[in-house]
Amino acid sequence: MIGQIPTEFVAHLISFGDIMDFDEEVFLNLYEDKLKQYIKEYLSSNTIKNNIFEFDVECFLNRFPEACELNDLIIENPKNVEESIFYILKEVYLELFGDDDRTKRELEKVQIAFKNPLGCEKKIEDINSSDINRLTKFEGTIIKAAKVCALLKKACFVCRNCGEIRYKTIHNYFEDPRMFCKNENCKSEMSLDLDNSSYINIQELEIQQPIDLMKNPDDPPRSIRVFLENSEGIYSGRVDVVGTVMKKRTKPNMPVFEIYVKSNYIKLSESFQKIEVRDIINRPDLIDTLNELGKKKNIVDILSQYLIPQIKGYDLVKRAIFLQQIKGCTKFLPDGTQLRKDSHILLITDPGIGKSTMLRRITRLFPQNAYASVTTATGGGLTANVVRESTEIGDGWVVKPGVFVRANEGTACIDELTVDKNVMKYILEAMESQTIHVNKGGINVKLPAKCAVLAACNPKRGRFDLNMGVVEQIGIPSPLLSRFDLIFPLKDMPNRKRDEEIAEHILNTHIETAVKDYKIMGAIDIDGITVDENLIKNYIIYARTCAYFEENHNLFTGTEVDETKLKNPYLTDKAKKIIKDYYINMRKLGEGNNPIPVTARQLEAAIRLSEMHAKARLAKKVEEKDAKAALNIIEECLKEIAYDPETGKFDIDKGMGQMPKSKVDKMDKILDIIRELSALSDNKLAHEDDIIEKASEYNISEKDVEDILGKLKRNAEIFSPKYGYYRVS
Ligand SMILES: [Zn+2]
């Protein structure tokens, strides 16, 4: 029977996997001069921030192309190269800045971080045991982040026997640091002096492979645990990681190891916008095609139809969704606050219209778009959760970014919005401020959630009741409802011509899928330009930022995009006048005793939509036609939502879930009637039958009277001391 395998033996076996042996002397002979020169040049124009010396491998190789093998050495032996470079850095630093004790002590805290190593890019799913002790570079999304803790990094050892002091860098957190005195006639074990050791921040993260980088997007995504040294606290976002793959024993008596990554270089991936634009910038042919497409008449209509081909009809809804993907203009107030550029859209649909199909289609369009159904997601799942979980370090509190955070810079597609009332309050903050504030378990942080919301739900009773107002049938509280720029009820109304078209469309889709000759789902031809899935994506990306392509070009090729400097289309005087006139006219309808039809929110929605429309046709200015197109969409929404059939007027209060003015008037009338009747009667009470009779004189139906009496009673405006009798409170 095989006994327990000694630890050292296992460790030896594992380290045997190292392909390149590292010889410090050879290394210094080859690279010391070049490294010294590079570091000297670096330090003359840069300072060491946060105790991190960023060693940019790519930069070094550009400077010393003949030293290209250093890149491989770093990848194969990051730990050893790090120590050698640190040794050189110390020499150069003391030479430049004096070698007093304080400088020496401060210098001990400094760490080397490798940046831009070449040829070690991996996908998270491909990182395995053969990468142990090697440097890798990968990209992923933070799905779990713990609190920042302190890590013993440079252990200070003191020899109790001879007084010798030595420092040792901790590379493996899972082993107790030990050191023996190097003095020839001492050799005794040194003891750790915690007070004189130096510490750095460390944060535990779980990073997941993004769907766009997966071989098979239907597989469950893989994730890897990362220990981020010198972290200032990072809790969400897509990141580039450079780190050393490490192992950690999972069971004390078995040589089985878990793989994790130790990193001191994580960078938030540049905004998706920049990543996307960069793919286009170097393709002049593509830009020509896109520009040509932009000039086509009705391009917005054609592309919106193509965006959601599975569903027939609902042209205006599709146009709104297409424009939503393009986003409005990036604008900042002088104090730096960004104005919301996203339009939130709500679809209320009869069953069978395919709302989930639309949502999933939009989700798949861009990697930063995310989908959740309220049937399974919790409020925290939508925004962010702070929960206790087993972690290697810290007290177990971790942040898990939800759908809104994952959809930063994209669209959060929220299905079955009304299934769980509890989640609605979570969404409210996210939609307006576009940030998620987390404060629990000692973690207090604001996560960016700059996303558009495309939400969908069915009416309360499953189908639309044509005798009831739309808003009464969905049960969304008015504060949340008013956050949506556009609310579309999609009613499944029988209509001979349309039904025929839909039947034809669905049948064709099935036939095409069977014979694999795609016309509806496949590419379309616009005057000789073949538009497929890829081209429409590129068109949207181009439209998002590239109205002033030449002017913004430099911003996107630089290292960081300064969004405050982006040039955007602006409202022309004519467009401004159209929007202003519309707003004032609608407001005018609200004067006197009329319901108030439009609020400043709708005005902002109109501006956003006009901008989107201008961008969608690659225009540099928001012109009359853009404003008209925007108002057309808004009016169509208002017609459905805010139209009060009782008065024949638009009433935005009704649209936003409040009681329509006509109903409020009726309630006042009923109160008057009760006052009048009770004043006349002996017992000072008004009888229900009399109220109904009197109300009929004002064209208020019996059903309405009963409704209103119930409401007034609940509001304690009237009370009923005797069955069927009422008095005003
Ligand atoms: Zn000693």
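## A look around the predicted model

Asn298 is exposed, because there are 11 other C-beta atoms within 10 Å. The cut-offs behind that word: a residue is exposed if 12 or fewer other C-beta atoms lie within 10 Å of its own, buried if 20 or more do, and partly exposed in between, with C-beta atoms placed from the backbone. You're looking at a predicted model, where local features need pLDDT of at least 70 and side-chain atom pairs count only at pLDDT 80 or more, while totals for chains, interfaces and linings use all residues. Numbering starts from 1 along each chain as its sequence is written.

Back to Asn298: its phi is near 60 degrees, a positive value in a residue other than glycine. For context, most residues other than glycine have a negative phi. Asn298 sits in the loop between α8 (284-295) and α9 (299-307). Helices here are DSSP runs of H or I with at least four residues, strands are runs of E with at least two, and both are numbered from the N terminus.

Asp527 is another case, with a positive phi of about 45 degrees although it is not a glycine. You'll find Asp527 in the loop between β19 (524-526) and β20 (529-531). Asp527 counts as exposed because it has 9 other C-beta atoms within 10 Å.

Helix α9 holds Ile302, which is partly exposed, with 17 C-beta neighbours inside 10 Å. Ile302 and Arg319 are 17 residues apart in sequence and 9.2 Å apart in space, C-alpha to C-alpha.

Now for the overall layout. The protein chain is split into domain 1 (7-115), domain 2 (124-269), domain 3 (334-493), domain 4 (570-655) and domain 5 (661-728), with bounds from an automatic or database domain assignment. Taken over C-alpha atoms, the centres of domain 1 and domain 3 are 47 Å apart.

On to a helix pair: α2 (residues 24-45) packs against α5 (residues 78-97) at an angle of about 45 degrees, their axes 9 Å apart. That makes α2 oblique to α5. Angles under 35 degrees would be roughly parallel, over 145 roughly antiparallel and 65 to 115 roughly perpendicular, with the rest oblique. Axes are lines fitted to C-alpha atoms, for helices over the stretch in contact, and angles run from 0 to 180 degrees between N-to-C directions. Among the residues that meet are Phe27, Leu35 and Ile39 in α2, and Ile85, Leu89 and Val92 in α5; contact here takes C-beta atoms, placed from the backbone, within 7 Å.

The strands come next. An open sheet has 5 strands in the order β11-β14-β17-β10-β18, with parallel pairing. Its edge strands are β11 (370-373) and β18 (486-490), each pairing on one side only. From one strand to the next, the twist averages 15 degrees. Two strands pair if DSSP finds at least two bridges between them.

Elsewhere, strand β7 (residues 223-229) is largely enclosed by the rest of the structure, because 5 of its 7 residues are buried. Here are some of the strand pairs:

| Strands | Sense | Bridges | Facing residues |
|---|---|---|---|
| β11 and β14 (residues 411-415) | parallel | 4 bridges | Ala370 and Ala412 |
| β6 (residues 198-208) and β7 | antiparallel | 7 bridges | Gln208 and Ser223 |
| β7 and β9 (residues 254-268) | parallel | 4 bridges | Leu228 and Ser263 |

So β7 pairs with β6 in the antiparallel sense and with β9 in the parallel sense.

Conventions
Contact = placed C-beta atoms within 7 Å.
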